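This report goes through a protein with a ligand, part by part. Please keep the sequence and the model in view while reading.

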Amino acid sequence: MEYLNKEVILKSYPQGIPQDQDFQILDTKVSDALNPGEVLIKNLFMSVDPYMRGRMTGRRSYVDPFPLGEALTGGAVGRVIASQRADLPVGSLVNHFSGWRNYFVAANDRSDLKKLPEISGLTPEIWLGTLGMPGMTAYVGLLKIANLKSNQRVFVSGAAGAVGMLVGQIAKIKGCYVVGSCGSDEKASYLKDELGFDQVINYKKAPIRDQLAKVAGEGFDVYFDNIGGDHLEAALDFMKDFGHIAACGAISQYNATKSVAGPANLMQIVAKRLTVSGFIVSDHSELHDEFVRDMSGWLREGLIKDRTTMFYGIDQAVSAFRGLFLGENTGKALVNLEN
Ligand code: NDP
């Protein structure tokens, strides 16, 4: 049997915010006539993530650029619908890196292909968000990189996004005072009223530094930086001595078409004896089992709320991705490929 497949091809490296013409949706066919060791997978959900923008520049950062003219890749969950592998029978739920398409055949040497447990009460897509890479990023960045301790004062930027929302919630579990920043009043209300953030700033309403000055109080022990630029500069001014900054990302700069101004106050790192640590989540896989155990426990106990912004169909994948840079998502942005 043959399945009609669509996959998203990168046609050109975007200049500024990615546009539809940088991509092409290609119609292909995928057959269930498998060789030994192969499985046929139908994707159920695919992830769009800010780091993918860094792979669309033609320059290597910490991962290679996407090649032009080929289908994009990224995290996804799918179901095995035909199998030549005893360990992955038909019906298995799997996590892998062949997103941006509906169907694909995986050979048996695919190291990214992992069978997922079916846990009652948990939806398959949670493995792309709260129990997936964004959740692990929040967990590692806060607890290992920033060395968070109970009852500290935390500032997190990008607080209504996939990572930031979990950073704030984990910090609340640890008894911390949490200030977040985000780009709309609606997001700010959600973070305060539903997730228990102590203060939330809408950075679009007034300069971030002026707003942070009003809520910083005695200052912050930890800053979790998702945004960079003016947010990092403002945070440096309101850190406590010996504070920790987890440098997770700088999304404010990912679409820059010319060089960006750096924080003008890096001397604060010296004066306040700050520890500023960049990190990449994939370097910390030794914490993965501990993360899944803790995070699934917090979900079960209702201490963590999972939130996604869902787009429907592969035709919406580019819009979903672009939306990351326009503030269209609250929580994890995903594309539903079930139908
Ligand atoms: P998000 O779900 O937070 O989506 C992006 C959000 O960023 C948008 O919704 C928008 O929210 C905000 N944003 C977009 N452009 C700007 C801008 N110019 N200025 C301020 N805010 C902006 O993404 P993730 O949570 O998945 O990722 C957050 C950060 O973490 C990114 O920088 C990403 O690259 C990084 N990251 C790093 C990892 C690592 O291993 N180091 C792993 C995973 C992510 P708003 O409405 O609030 O503006």
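Which backbone N or O atom lies 2.8 Å from an oxygen atom of the ligand? The atom belongs to Gly 183. The model is a predicted one, and the values below are computed from it.

## The ligand and its shell

Besides the backbone of Gly 183, two side chains place an N or O atom by an oxygen atom of the ligand. For Tyr 254 the distance is 2.8 Å, and for Asn 329 it is 2.4 Å. On its own the ligand has 910 Å² of accessible area, and the protein covers 92% of this. Helix H2 (133-145) and helix H3 (162-173) are the elements that give two or more residues to the shell around the ligand.

There are 26 residues around the ligand, and those that come nearest are Lys 187, Tyr 203, Tyr 254, Val 281 and Asn 329. By type, the shell is made up of 16 nonpolar residues, nine polar ones and one charged residue.

## Helix H4

Helix H4 spans residues 185-194, and its buried residues are Lys 187, Ala 188, Tyr 190 and Leu 191. Viewed down the axis of H4, these buried residues fall within an arc of 160°, so they line one face of the helix. An α-helix has 3.6 residues a turn, so residues three or four places apart point the same way. On the other side of H4, the exposed residues are Glu 186 and Asp 193.

The buried residues of H4 pack against three elements: H3, strand E9 (177-182) and strand E10 (199-202). Lys 187 thus appears twice in this report, as a buried residue of H4 and among the residues that come nearest to the ligand. Just after the helix, Gly 196 has a positive phi of about 80°.

## Tyr 190

Tyr 190 is part of helix H4. Its relative accessible area is 15%, and buried means under 20%, so Tyr 190 counts as buried. Apart from neighbours within four places in sequence, the residues in contact with Tyr 190 are Met 165, Leu 195, Lys 305, Arg 307 and Thr 330. Tyr 190 and Val 200 are 10 residues apart along the chain, and 9.7 Å separates their C-alpha atoms.

## Helix H5

Which residues of helix H5 (residues 208-215) are buried? They are Ile 208, Gln 211, Leu 212 and Val 215. Seen down the axis of H5, they fall within an arc of 100°, so the buried residues line one face of this helix.

The cover over the buried residues of H5 includes strand E8 (153-156), E9, E10, strand E11 (220-225) and helix H6 (229-237). E9 and E10 also pack against the buried residues of H4. Just after H5, Gly 217 takes a positive phi of about 55°.

## Thr 130

Thr 130 sits in the loop between strand E7 (114-115) and H2. Is Thr 130 buried or exposed? Its relative accessibility is 4%, so Thr 130 counts as buried.

The side chain of Thr 130 makes a polar contact of 2.5 Å with the side chain of Asp 306. Asp 306 is also one of the residues in contact with Thr 130 when neighbours within four places in sequence are left aside. The others in that list are Gly 135, Leu 166, Phe 291, Met 295, Leu 299 and Ile 304.

Key:
Residues numbered from 1 in each chain as written. Predicted model: local features only at pLDDT ≥ 70, side-chain atom pairs only at ≥ 80, totals over all residues. Heavy atoms only, no water. Near = heavy atom within 4 Å. Polar contact = N/O pair within 3.5 Å; in protein donor to acceptor, adjacent residues only side chain to side chain. Areas by Shrake-Rupley, 256 points an atom, 1.4 Å probe, with all protein chains shown as cover. Helix = DSSP H or I, 4+ residues; strand = E, 2+ residues; numbered from the N terminus. Nonpolar A, V, L, I, M, F, W, Y, C, P; charged D, E, K, R; others polar. Buried < 20%, exposed > 50% of the residue type's maximum accessible area, 1.4 Å probe, protein only. Arc of directions from axis to C-beta. Contact = heavy atoms within 4.5 Å.
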